[in-house]
Amino acid sequence: MKKVVSLAATLFLASSHSAFAYFDENDASRLVQDFSETVACQVESVFEGNPLQYKAIQVIEGMDSADGYGATYVVHWIGDYGCSGGNATSVPQFTVVSRSGFASADPVVRTDQEASRDLTINVVTAFYAGDAEGVFHVEGLGYGPDDLQGNPETYTHYKVEVDDIGYMKIVDSYQEGR
């Protein structure tokens with residue numbers, strides 16, 4: 001009887017530990033949604049029809065798939081970071097979420113948004129993980145030299161690298177005029 005109880009307790013603890021440790025793109029998305037509602041104004045709702053709002057992609061798998069240590073996600077959202085107000089302040093944002101601790105530590109939102117501000121893209125049409133670990137791509141429309149205010153028409157592409165501590169760096173970009 002003791003063996004049965006011991007086995008049941010072990011299975012319960014193992015299953016509850018696994019459930020606690022499991023973290024994926026959906027969890028990263030929810031975490032960044034809570035974060036954005038705290039640090040931004042005019043945050044676009046997921047119900048407004050933008051399929052990329054709060055889209056999360058995993059860019060670094062991490063060391064261990066069991067607890068996700070080292071896993072890194074990037075989440076795209078649109079809002080006025082810092083509540084600047086005014087015209088064209090609600091823009092695409094890219095926020096990094098990292099599992100910088102083992103299963104007992106919650107994932108962390110990296111608050112360094114500088115590289116996100118360097119992505120001068122106004123309308124995101126595609127956001128996806130790259131072929132290499134730590135790389136993602138952003139495609140959309142930005143302002144070219146001949147575009148009118150409020151009407152970006154220049155195709156823009158960024159290749160961004162996220163390092164193991166969550167900092168983003170643009171490694172390639174190009175624009176094609178209309």
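Reading from the N terminus, the elements of this protein run α-α-β-β-β-β-β-α-β-β-β-β, which comes to three helices and nine strands, and I should say at once that we are looking at a predicted model.

Let me stay with the whole chain for a moment. Of its 178 residues, 41% count as buried, and the protein exposes about 10200 Å², with carbon and sulfur atoms supplying 53% of that area. If we take the contacts with a separation of 6 or more, residues 24 or more positions apart account for 47% of them.

Now to the cysteines. The structure holds one disulfide, and the partners are Cys-41 and Cys-83, whose sulfur atoms are placed 1.9 Å apart in the model. For anyone who wants the chemistry restated, a disulfide is a covalent bond between the sulfur atoms of two cysteines.

Which parts of the chain does this pair tie together? Cys-41 lies in strand S1, residues 40-41, whereas Cys-83 lies in the loop between strand S3, residues 72-81, and strand S4, residues 91-98, so the disulfide ties together parts that are 42 residues apart in sequence.

As for the geometry, the torsion about the S-S bond of Cys-41 and Cys-83 is about 95°, and the disulfide is therefore right-handed.

Finally, are these two cysteines buried or exposed? The answer lies in between, because buried would require under 20% relative accessible area and exposed would require over 50%. Cys-41, at 31% relative accessibility, counts as partly exposed, and Cys-83, at 37%, counts as partly exposed as well.

Technical notes. Residues are numbered from 1 along each chain as its sequence is written. This is a predicted model: local features need pLDDT of at least 70, side-chain atom pairs count only at pLDDT 80 or more; totals for chains, interfaces and linings use all residues. Side-chain values use heavy atoms; hydrogens and water are left out. A disulfide is a pair of cysteine sulfur atoms within 2.5 Å. Helices (H or I, at least four residues) and strands (E, at least two) are DSSP runs, numbered from the N terminus. Buried means under 20% relative accessible area, exposed over 50%, partly exposed in between (1.4 Å probe, protein chains only). Contact means heavy atoms within 4.5 Å. Accessible areas come from the Shrake-Rupley method with a 1.4 Å probe; for residues, only the protein chains shown count as cover.
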